[in-house]
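Work through the exercises below with the structure open. Try each task before reading its solution.

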Amino acid sequence: MNHTLARACADAGITLGFSLQFLQTPAQIGRVMHALRLCRKYGVRVVFCTGALASGEMRSVSDLASFGRILGLSGGEVFAALSAAQSL
């Protein structure tokens, strides 16, 4: 993600979703952290989901919230990201 894409998402009112299913290497986590910084800068709404395909892959809300905090989101941003996922 770059600043041009982030600005276009903000202008169009697009919500970006991040799935924990695909975050398996430090490089992927770093890319998501960078994307989240751009989303914060340009006011793009974000959503976290587990990407679970089976019930055994499900994660609790507190797991998602903790991961959001690790990625650099504030408590309010984590709450907004998880609340937005419920409304989709």
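A residue is called exposed when its relative accessible area is over 50%, buried when it is under 20%, and partly exposed in between. The model used here is predicted.

**Exercise 1. Find the two sides of helix H2, residues 26-42.**

Step 1. Check the helix length. H2 has 17 residues and spans 24 Å from its first C-alpha to its last, close to the 24 Å expected at 1.5 Å a residue.

Step 2. Pick out the buried positions. They are Val-32, Ala-35, Leu-36, Leu-38 and Cys-39.

Step 3. Place them around the axis. These residues lie on the same side of H2, because their arc is only 160°. The general rule: an α-helix has 3.6 residues a turn, so residues three or four places apart point the same way.

Step 4. Turn to the other side of H2. Pro-26 and Lys-41 are exposed there.

Step 5. Ask what covers the buried residues. The cover includes helix H1 (3-12), strand S1 (16-19) and strand S2 (46-49).

Step 6. Look just past the helix. Gly-43 follows H2 and has a positive phi of about 75°.

**Exercise 2. Determine how S1 and S2 pair, and the hand of the crossover between them.**

Step 1. Count the bridges. S1 and S2 are joined by 4, and the strands run parallel.

Step 2. Locate one pair. Leu-16 has Val-46 in S2 as its bridge partner.

Step 3. Trace the chain. It passes from S1 through H2 to S2, a β-α-β crossover that is right-handed.

Step 4. List the contacts of Leu-16, leaving out residues up to four places away in sequence. Leu-16 touches Met-1, Cys-9, Cys-39, Val-44, Arg-45, Val-46 and Val-47.

**Exercise 3. Which elements build the largest nonpolar core?**

Step 1. Start with the residues. The core has 18, and those that touch the most other members are Leu-16, Phe-18, Val-32, Leu-36, Val-46, Phe-48 and Leu-71.

Step 2. Assign the elements. S1, H2, S2, helix H3 (61-70) and helix H4 (75-87) each give two or more residues.

Step 3. Find the main contributor. H2 supplies the largest share, 4 residues.

**Exercise 4. Is Arg-7 buried, partly exposed or exposed?**

Step 1. Find the residue. Arg-7 sits in helix H1.

Step 2. Apply the cut-offs. Arg-7 has 41% relative accessibility, so it counts as partly exposed.

Step 3. Relate Arg-7 to Cys-39. The two are 32 residues apart in sequence, and their C-alpha atoms are 8.5 Å apart in space.

How values were computed:
Residues numbered from 1 in each chain as written. Predicted model: local features only at pLDDT ≥ 70, side-chain atom pairs only at ≥ 80, totals over all residues. Heavy atoms only, no water. Expected span 1.5 Å × (residues − 1). Buried < 20%, exposed > 50% of the residue type's maximum accessible area, 1.4 Å probe, protein only. Arc of directions from axis to C-beta. Contact = heavy atoms within 4.5 Å. Pairing = 2+ DSSP bridges. Right-handed = clockwise from strand over helix to strand, strands pointing away. Core = buried A, V, L, I, M, F, W, Y, C linked by side-chain atoms within 4.5 Å.
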